[in-house]
Amino acid sequence: MMTTPDSAAARPSALRDALGPLRDREQVAQRLLDSSAKHSFDPDTELDWDAPFEDDKWFWPPELVSLYDTPLWRRMSEEQRRELARHEAASLASLGIWFEIILMQLLVRHIYDKPVTSAHVRYALTEIADECRHSMMFARLIRKGGTPVYPVSRLHHNLARILKTVSTTPGSFAATLLGEEILDYMQRLTFPDERIQPLIRGVTRIHVVEEARHVRYAREELRRQMASCPRWEAELTRISSGEAARVFSLAFVNPQVYTDAGLDRREAVAQVKASGHRREVMRTGARRLTDFLDDIGVLQGVGRRLWRSSGLLA
């Protein structure tokens, strides 16, 4: 009797974790390759880069702007609020480029010693191509928006250099999900929002569609790695992912945006830190990820304490 792919998928996997049996790595990758063939975009041709921005539209949902519902926000004019949103959108695009360059390096390292004709490697290369397009799309958006680029601090830049050099394989996929899932949460609120500039909505729509595949790939591989890696590697992954969460939360919005929007930087930073609304936005954005990481054993010990110190975990 011939075994079909579906019946093979139904058989118990050799690996299982708290979420159940893991699917075959090649089968997951092939499905992602099939989806990529149907739902991939070229931002240069898909989006109307020549259309002018609309005066009455936001560059980012006001509820997701860092100062929203603070005393300073309530004193700001509508024009000042829109200006801050424009700069924060550029800051997040800059953060996205930084993160995606790190991710591409981690993916290349992951596949370096794996069979080059496998679907798993082919999908990783497809994802790298996606991330190249995303980085160029974000860079073009920053230029179109007329703002500066907002790089992370030199300290965070170099901490990331260390993290990506010493990261375990499961640590790399945990960091991948950290960068992808919180921004994905915000972008899912952005692209259907008719208050937002059409170009921003188009950029976030493309990113959400393609990142959904990246999240699936990273989640499946992180589960596999945590279920099979040595104990020391799992513990190092817990610590490195917690440190990555701490750095990511600090680097999320470059404080220079407040100065460039005509605000007192020190006052703005203090009010963002004290904002219950902002804390809830970040925790809500991270909740789907932290629930998943908790289920598969990443949020334990020192790593869990680091995640709590990041503000992303209650």
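1. Salt bridges are a good place to start: this predicted model has a count of 23 of them. A few are worth opening in your viewer, and they are taken one by one below.

2. The pair E63 and R195 joins through the side chains, with 2.9 Å from N to O. These two residues link distant parts of the chain, 132 residues apart: E63 sits in the loop between α3 (43-46) and α4 (71-75), while R195 belongs to the loop between α8 (169-190) and α9. E63 is partly exposed, at 29% relative accessibility, and R195 is also classed as partly exposed, at 35%.

3. A more local example comes from helix α10 (residues 231-251), where R246 and E243 are three residues apart and therefore separated by about one helical turn. Residues three or four places apart in an α-helix point the same way, because there are 3.6 residues a turn. The side chains of R246 and E243 form a salt bridge at 2.8 Å, N to O. R246 has a relative accessible area of 26%, so this residue counts as partly exposed.

4. Please look at E280 and R287 too. Their side chains form a salt bridge with an N to O distance of 3.5 Å. E280 is partly exposed at 40% relative accessibility, and R287 is partly exposed at 38%.

5. Salt bridges also form a network here, linking D130, R133, E210 and R213. Of these, E210 deserves a point of its own.

6. Is E210 buried or exposed? With a relative accessible area of 0%, E210 is buried. The residue lies in helix α9, and its side chain makes a polar contact of 2.6 Å with the side chain of H134. Beyond its neighbours within four places in sequence, E210 is in contact with H39, S40, F41, D130, R133 and H134. F41 is 169 residues from E210 in sequence, yet the two C-alpha atoms are 8.3 Å apart in space.

7. Finally, helix α9 itself. How many of its 31 residues are buried? The answer is 23, so the helix is mostly covered, given that buried means under 20% relative accessible area. α9 has a kink of about 30 degrees, centred on E211. As for its length, α9 runs over residues 198-228, and at 1.5 Å a residue its 31 residues should span 45 Å; the end C-alpha atoms are 45 Å apart, so the two values agree.

How values were computed:
Residues are numbered from 1 along each chain as its sequence is written. This is a predicted model: local features need pLDDT of at least 70, side-chain atom pairs count only at pLDDT 80 or more; totals for chains, interfaces and linings use all residues. Side-chain values use heavy atoms; hydrogens and water are left out. Helices (H or I, at least four residues) and strands (E, at least two) are DSSP runs, numbered from the N terminus. The expected span of a helix is 1.5 Å times one less than its number of residues. The bend at a residue is the angle between axes fitted to the seven residues ending there and the seven starting there. Buried means under 20% relative accessible area, exposed over 50%, partly exposed in between (1.4 Å probe, protein chains only). Contact means heavy atoms within 4.5 Å. A polar contact is a pair of N or O atoms within 3.5 Å; within protein, one must be able to donate a hydrogen and the other to accept it, and residues adjacent in sequence count only if both atoms are side-chain atoms. A salt bridge is a side-chain nitrogen of Lys or Arg within 4 Å of a carboxyl oxygen of Asp or Glu.
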